[in-house]
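Colleague: I am new to this structure and would be grateful for a close look at one part of it. Could you take me through a set of neighbouring strands, and then place it within the whole?

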Amino acid sequence: MPKRIMFVNPPYERIAPGYDFVRHVTNRSPSLGLLHLAAHVREHGYEPSIIESDILGFSAEDVVSHVQETRPEYVGLTLFTVGVHQASRIALGIKKASPETTIVVGGPHISSMGKETLSRFSQFDMAVVGEGEETLIELLGALEENRDLTSVTGILCRRGDEIVETGPRRVEMDLDLLPFPAWDLLPDFPGAYKQAIYDYPRGPVATIAASRGCPFHCKFCDTSTFGAKVRAYSPRAVFDMMKHLKTVYGVRHIMFVDDLFLASRVRVTELCEILLREDLNMTWTCAARVDTVKPDILALMQKAGCWEISFGLETGSDELLQKMDKAARVEKSEQAVVWTEAAGIRTKGLFMLGYPGETKETIELTKDFVRRIPMHMMNLTKFTPYPGSPVYIDLYGTKIRPDHWEKMNGMNFLWSPPGMTTEELDRRYQEVILAFYRRPHVMLHYFWMTIRYPNHLLRLARLIVGYGLAKIKSIGGGRRGILVNPLAPKLEES
Ligand code: B12
Ligand code: SF4
């Protein structure tokens, strides 16, 4: 009988208190990490399953009941910082209900804060740091054969009360040799896994990570999982994955989740040429740094189906960009957006508010910037010092702030720069969003999008009604229209 391993993406809160009306319009991509791991262990003779708690509407207790019913030999939990507490509840429940199950954790939070996490939560048996495929197979092999786990590099394991780090694993796996992610294990794929509203033309949508790693060190970004070395699938393998998604699942749009899709111009050119030659007729989106786009490559990408590019524009202030260690400057950002627009590709600007050094003046600069550039979509996150990002250390020293973990979803101000309160930042947050979405050019674009792609209409209608009701509730509650509800049940501390 093959040993069973149940992979779990724990439930997590991705909406700020008071913003519940946006829940159904946000991105609900599956955990690609778990899909990759499941496919890989299956190839090595194990029987995997996947629980996407958020999609199934599972609470931590539901996950535990499911484990109790099915009694897999192993449970693998993926940990983002925001999900650590829920994952710890799941693991505790499993330890009570089925103590023989081995619990392995991995994911971005573990890659940056594995040791601290294992010392806080004794219910996690062991952890895989960084890229998971090869390490997990070796770890499972060692467990099966009762071997000393310290022979497996890239893990954290327990020896009595001690937590042993076995040292970093060399990243040299050829991605082309990996099986396709196990989309077949998600019963409602792709229907239940919707992207954010207006972020794709026509669904169904699927995600692909065509490369791993990023050589840059923007101070707010956690790159601890894949590190600085960029490795990629060959363009042919990416094409094969796209074709598989289209023919088997009817997927019409791909969202590339690579940190740096345009890290290699040669690779992107080759992929575009294959897509054009084979006439796959799918649309796709990707993320790029502003210094990697030029009119010629943009024109080719557009022809090959590129529908939108996300740029990490962050702010309208050069001074803040410098503080973030972003190589780009505002002028460069503007130029990239103008070129992309001119090539007939939509642009999405990723911004953040409240970074150390943010002032009323820099916020005004950001407002001017989003009012000026020909961008189509704006995503504004509330600055969050994620573990693993250089700024986390700057702000907290080495002091660990576990009390904040459950709020680290980019929707809560956990910190405010001197001279500003988090309440003020919350007010400014709405101002910046409105500065962009109230532009006639932008409203016209959404009107046009709605006519052209009416599939988004129902979600939009629910959003507008929800927003209106939230505003009324806020005004009625004496909060002057501020949507964040300070009286909402407090997230669990520590
Ligand atoms: C696509 C994406 C999303 C998607 C899909 C999320 C998902 N569940 O996979 C959406 C839009 C839903 C999303 C949401 C969020 N995201 Co996000 N996301 C990404 C992105 C761009 C790519 C992720 C990906 O698919 N990578 C490719 C796969 C193959 O890698 P992987 O998932 O890391 O898995 C590998 C290893 O981590 C490991 N592994 C993972 N899990 C496990 C479990 C076990 C048992 C083992 C052994 C190994 C293991 O093995 C896997 C294979 O090698 C990353 C940036 C990045 N470069 O990773 C950010 C990133 C992961 N997100 C981040 C954040 C903060 C979030 C949010 C909290 C909110 C936000 N602001 O976006 C939410 C929380 C989501 C959640 N809990 O599910 C941060 C995480 C930082 C942190 N310390 O928590 C990242 C690193 C961005 C960054 N640089 O700051 N995200
Ligand atoms: S923000 Fe983008 S470019 Fe900067 S370190 Fe993160 S992934 Fe790399």
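Modeller: Let us start from a single pair of residues: the bridge partner of Phe 311 in strand E14 is Gly 349. Strands here are DSSP runs of E with at least two residues and helices are runs of H or I with at least four, numbered from the N terminus. This is a predicted model, in which local features need pLDDT of at least 70 and side-chain atom pairs count only at pLDDT 80 or more, while totals for chains, interfaces and linings use all residues. Residues are numbered from 1 along each chain as its sequence is written, and chains are lettered from A and ligands numbered from 1 in the order in which they are written.

Strand E14 spans residues 346-353 and pairs with E13 in the parallel sense over five bridges; two strands pair if DSSP finds at least two bridges between them. Strand E13 itself, residues 306-314, is also joined to E12 by five bridges, again running parallel. Two contacts show how E13 is set against that neighbour: Thr 285 stands opposite Glu 308, and Ala 287 stands opposite Ser 310. E13 is mostly covered, since nine of its nine residues are buried (20 or more other C-beta atoms, placed from the backbone, within 10 Å of the residue's own; exposed means 12 or fewer, partly exposed in between).

One step further, E12 (residues 283-288) is joined by three bridges to E11 (residues 253-256), and these two strands run parallel as well. There, His 253 has Thr 283 of E12 as its bridge partner.

Helices connect these strands. E11, helix H8 (residues 265-278) and E12 form a right-handed β-α-β unit, and a second right-handed unit consists of E12, helix H9 (residues 295-303) and E13. Right-handed means that, with the strands pointing away from the viewer, the path from the first strand over the helix to the second runs clockwise.

Next, the ligands. Around ligand 2 lie Cys 214, Phe 216, His 217, Cys 218, Cys 221, Thr 223, Asp 259, Arg 289 and Gly 312, a residue being near if its C-beta atom, placed from the backbone, lies within 6 Å. This shell has four nonpolar, three polar and two charged residues. Ligand 1 has 42 residues around it, of which Gly 33, Gly 76, Gly 106, Gly 132 and Gly 410 come nearest. Helix H1 gives the largest share of that shell, four residues. Domain 1 (4-165) and domain 2 (195-476) each contribute at least three residues to the shell of ligand 1; the bounds come from an automatic or database domain assignment.

Finally, the setting as a whole. The chain has 16 helices and 15 strands, and 42% of its 494 residues count as buried. Its C-alpha atoms fill a box of roughly 65 × 60 × 40 Å along the principal axes. Outside the strands described, Asp 125 sits in the loop between H5 and strand E5 (126-128). This residue is buried because 20 other C-beta atoms lie within 10 Å. The C-alpha atoms of Asp 125 and Ile 15, which are 110 residues apart along the chain, are separated by 30 Å.

Key:
Ala, Val, Leu, Ile, Met, Phe, Trp, Tyr, Cys and Pro count as nonpolar, Asp, Glu, Lys and Arg as charged, and the others, Gly among them, as polar.
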